[in-house]
Amino acid sequence: MTEFRALLLAAGKGTRLRPYTEQWPKCLMPICGHPLLEYWLCTLHKNNLSRVLVNVHHLRHLVQKFLDRERFEGWVSSIYEPNLLGTAGSLREYYSYFSNAKTVLIHADNWCLCSFDQFLEFHTNHRPVGTLMTMMTFRTKFPESCGIVELDKNGIVEEFYEKQIGALGNLANGAVYILEPEILEWVKSNTSANDFSKDVIPNFLGKIATWENKGIHRDIGTLPSLVEAQFDVPQDTCWPKSDEWAFEFECNPIHKMLKSLTK
């Protein structure tokens, strides 16, 4: 059985969250008292993914300190991108890590509450024949700021509109995917493809299955969305707040900033 391996994209600069991301990385922003990246790693841990790669760039020393903890030893690795490669560029750069595996590709600035085990199960056993990718989708209130999909009767992506005003519908791309090895092979061969939404997805229309997250799905890259996330019901975390990093995080001024905004 082909194993799942995961790429967590955590390198973004968080420009829409400035000035806060000048001091603290977007991927470690608190959600109900815990860093966002920890929720994602907990989700993968609960689903027995034992090979996880995290790309880092902005404020990488802070992200690396978070990752250099005993709880992540042996199954989570990080890789520094001096220059951001783009999602497809990162997949191509780390091809050897993911070749012959099913790749779980996650934009780690998404706050996601869903039955992730059912997402994996759908891709493995229930996606339509002939599809090579499963895209997590969600219903959005702001379709002009998302990639909007149109589906056929089998839930396969027929059309994709990336952040277009006037796009029909509100079913959005959640930027969480499961990729079959054929996708990686295509990315490796097409060296000009760097942006996943613009360069990869349009080439696989008719071969992309969808699984709708009917729970919570937010891009916390904007301040209103990050504030709104503080009122969501948090997921259970896998690890206690019992190490030095967790104690330092509890004293981080980012918590006071968020608390002042939620009043």
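This is a short tour of a predicted model, moving from the whole chain to its cores and then out to the surface.

**Whole chain.** Start with everything shown as a cartoon: you should find 10 helices and 13 strands. Turn the view along the principal axes, where the C-alpha atoms fill a box of roughly 50 × 40 × 35 Å. The radius of gyration is 18 Å, which agrees with the value near 18 Å for a compact globule of 263 residues. If you display contacts with a separation of 6 or more, 77% of them join residues 24 or more positions apart.

**The largest core.** Next, colour by burial; 54% of the 263 residues are buried. Now select L8, L37, L41, V52 and F116, which touch the most other members of the largest nonpolar core, a set of 53 residues. Then add helix α1, residues 36–46, which gives the most to this core, with 7 residues.

**Around L8.** Centre the view on L8 and leave aside its neighbours within four places in sequence. Its contacts include L37, W40, L41 and L44. Also touching L8 are V52, L53, V54 and N55, along with I106 and A108.

**The second core.** Which residues should you pick to find the other core? Try F98, M135, L184 and I201, which are among the 28 residues of a second, separate core.

**The surface.** Finish by switching on the accessible surface, about 12500 Å² in total, with 48% belonging to carbon and sulfur atoms. Colour the charged side chains as a last step: there are 27 positive and 31 negative ones, and the centres of the two sets lie 3 Å apart.

Terms used
Residues numbered from 1 in each chain as written. Predicted model: local features only at pLDDT ≥ 70, side-chain atom pairs only at ≥ 80, totals over all residues. Heavy atoms only, no water. Core = buried A, V, L, I, M, F, W, Y, C linked by side-chain atoms within 4.5 Å. Buried < 20%, exposed > 50% of the residue type's maximum accessible area, 1.4 Å probe, protein only. Helix = DSSP H or I, 4+ residues; strand = E, 2+ residues; numbered from the N terminus. Contact = heavy atoms within 4.5 Å. Rg over C-alpha atoms; globule rule 2.2 N^0.38 Å. Areas by Shrake-Rupley, 256 points an atom, 1.4 Å probe, with all protein chains shown as cover. Lys, Arg positive; Asp, Glu negative; His and termini not counted. Charge placed at Lys NZ, Arg CZ, Asp CG, Glu CD.
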